[in-house]
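Dear colleague,

I am handing over the structure below, together with some notes on what turned up in it. Please read the notes alongside the coordinates.

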Amino acid sequence: MTSGRILVASSLAMAAAALAWFMFVGLPRWYGAPATTTRASAAPSTTAPLPPGRKIKARFYYVGDDGMRLVAVQRDVLFGESTVEQAREIITMQIAPVAEPLVSAIPPGTKLRALFVSERGEAYVDLSREMSSAHPGGALNELLTVYTIVNALTANLPAVTAVQVLVDGKEVDTLAGHVDLRRPLAENLAWVQ
Amino acid sequence: MKLRSLAPILLLVYGLAEPLNFARGGQTPPPAPSAPSPSPLTLLSKEGRRPIPVTVIGDQEFVALDELASIFQLTVREDSLGAITVSYKRKTIVLTPDQALASVSGKLISLPAAPLDDARGRAGRRHWLVPVEFISRALSAVYDAKLELRKPSHLLIAGDVRVPRVLIRYEIAGNGARLTIDATPRANSTVSQENDRLSIKFDADALDVALPTIQPQGLVLGIRLADPVTLAADLGPRFAAFRASTLPMDASARLTIDIVATQTEAAAPTPTPSAAPAPPPDLSAIGQAASSIRTIAVDAGHGGEDEGAKGAGGTKEKDLTLAVARRLKTAIETRLGIRVLLTRDEDKNIPIDDRAAMANNNKADLFISLHAGASLRPRTAGASIFYAAFDKDAEDQARASLGTERLPTFSGGQRDIELLLWDLAQIRHLDRSAELARILEREFHDRIPLSAHAIDRAPLRVLESANMPAVIVEMGCLTNADQEKQLTGNDFQSTLVQALADAVVKFRGYLETQP
């Protein structure tokens with residue numbers, strides 16, 4: 001394995017990545033294709049401050065002072081035309097980093113990959129692998145992470161009855177070895193102060 | 001909220017402004033000749049032992065503040081607004097008559113009940129009764145010497161006094177019998193025979209012991225306290241000889257005395273288990289073949305590349321859970337004679353479903369999964385106990401199908417139904433798992449720091465397929481630096497293992513009262 005071959009291989013990989021970006025992100029933008037709600041490859045979430053536009057108030061969940069329960073915080077979030085769009089706005093804001101004194105139970109670096117809502121009102125929230133790989137562990141801590149997502153949707157969107165968390169596009173058994181994520185979970189406010 | 005937290009401070013200021021000194025002189029009065037009906041606290045110190053009378057009101061035990069003042073040289077002042085200031089040297093405790101709170105050197109602590117005015121037959125100034133927990137939660141924080149309240153045994157230990165807890169078990173083994181005596185912390189003992197009694201003398205200042213009731217069958221007639229540090233076992237006519245051996249175990253010293261019966265007598269009639277319908281924790285039943293718990297699955301959480309939570313000082317959850325699981329296995333197998341199956345006995349990652357499967361396939365009667373917590377708030381501390389929760393739909397489905405032998409009839413093949421039931425195997429055990437959690441909480445109380453939410457229900461994967469009562473015990477929070485140190489310490493682990501083993505005994509007792 002020479003350094004020349006490594007160079008060739010990495011430039012090929014970079015070229016492939018650029019082509020993929022062009023086909024899946026650049027081209028649709030060029031043609032102004034609307035974002036569909038059923039595509040697996042959702043647009044990357046933004047962490048920028050809220051752009052101007054219509055806003056609604058929603059409840060977001062963060063770790064309480066005692067570390068044992070979540071607290072609900074009312075914040076403005078961009079209005080979404082449909083349940084799915086509203087759900088995306090809420091999750092994007094819920095998983096974004098927050099400043100003290102708020103503490104988020106969502107592992108840093110977690111991004112929203114995709115979000116769907118089934119006809120039965122079950123939301124599937126597909127998050128990047130940091131949701132699992134950067135999780136600090138602990139059963140209670142993991143419960144707070146999971147119910148941050150579950151409650152953020154079920155408490156704000158009447159049309160969403162249950163939430164299943166997916167990681168990196170796949171169903172997972174647990175995030176860090178404790179909470180069963182094989183089924184959609186219903187709202188549980190017992191984890192909220 | 002604000003007003004409430006300020007109240008003790010305001011009262012303290014008033015207390016200082018209008019002092020009314022009611023403290024007695026330095027002379028310690030002799031104990032009251034007529035002891036009150038509830039058993040008194042026994043104060044053990046280098047000076048000896050003395051009773052502190054206890055008054056029970058409702059379910060709560062109270063002691064007289066004046067009594068504590070005279071023993072511990074406290075000054076008690078009461079102001080016109082009712083605040084009671086207890087001073088010791090330059091430290092103060094402020095109590096408020098209608099509040100179950102106290103301010104100890106400016107820090108608020110809670111009490112199980114508010115102080116009460118004991119006005120019985122006395123005129124003049126008020127005589128305050130305070131909950132016994134005042135001693136462990138408030139007084140011990142300001143007192144110079146160590147104060148240890150052992151509520152179950154009604155002992156108050158002051159200063160550096162050696163008072164081991166002594167656990168006695170008596171088992172019939174074949175034609176003979178065995179006495180197992182554990183002393184924690186470790187205390188040496190010597191055994192000698194004097195005529196028809198065996199004396200077991202401990203190298204200690206006093207003993208904290210609950211004496212077992214023994215059904216006499218000619219070997220040992222009873223066990224009593226001959227003096228504060230000596231146990232006496234009265235021997236019956238069938239006694240021939242004894243053999244004693246000692247073994248250090250964790251923080252305990254175990255003394256085993258095998259008692260040999262004379263060969264000429266016929267075997268003693270075995271006691272009928274149905275004779276006593278609801279005995280208190282019957283330690284003599286331990287080791288009998290018909291126990292309701294024969295195998296316990298102990299699951300050391302995480303392992304291998306799955307390290308679990310990490311402590312601030314670098315402790316890995318996977319190492320802690322394995323260390324405690326091994327200790328628990330030794331303790332349960334040797335003390336209780338119950339087989340323990342470890343889901344892992346090495347640093348290896350076991351898939352989560354295989355852990356419950358191992359317990360199911362080995363027909364374990366109990367599943368205890370050991371974990372340690374992590375929190376994003378560094379102050380979070382304390383142990384939590386979890387048992388399984390299912391969505392209501394799943395519970396309804398499973399319960400409906402459990403009543404009969406028929407398979408559920410919702411759409412989908414038979415294979416799906418079997419998978420569903422395997423995943424939901426825990427549902428039929430939920431009530432008993434909840435009881436196990438409650439027993440654990442009671443056994444941990446006063447021994448292991450508990451979190452503010454000591455028992456929680458949650459959809460926890462490892463519990464859901466367990467086909468037996470099952471709990472997760474989060475032993476404490478590794479992200480709290482103090483607790484991390486505690487969790488990795490020998491003393492804490494021994495106490496935890498002892499509490500878990502005691503909970504197993506209690507849970508077995510509970511199972512035996514169930515139809």
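The notes below cover confidence, the nonpolar cores and one arginine.

This is a predicted model, in which local features need pLDDT of at least 70 and side-chain atom pairs count only at pLDDT 80 or more, while totals for chains, interfaces and linings use all residues. Residues are numbered from 1 along each chain as its sequence is written, and chains are lettered from A and ligands numbered from 1 in the order in which they are written.

The predictor gives the complex an ipTM of 0.75 and a pTM of 0.54. Chain B has a mean pLDDT (the predictor's confidence in each residue, from 0 to 100) of 81, with 80% of its residues at 70 or more. Over residues 1-36 of chain B, however, the pLDDT is below 50, and it also stays under 50 over residues 265-290 of chain B. Where pLDDT is low, the predicted coordinates should not be read in detail.

The largest nonpolar core (buried Ala, Val, Leu, Ile, Met, Phe, Trp, Tyr and Cys residues joined through C-beta atoms within 7 Å) has 111 residues, of which A:Ala87, A:Leu153, A:Val163, B:Ile296, B:Val471 and B:Val504 touch the most other members. Apart from this core lies another, of 58 residues, including B:Trp128.

A:Arg88 is buried (20 or more other C-beta atoms within 10 Å of its own, these being placed from the backbone), because 22 such atoms lie within 10 Å. The C-alpha atoms of A:Arg88 and A:Leu115, 27 residues apart along the chain, are separated by 6.6 Å.

Best regards

Notes: Buried ≥ 20, exposed ≤ 12 C-beta atoms within 10 Å, placed from the backbone. Contact = placed C-beta atoms within 7 Å.
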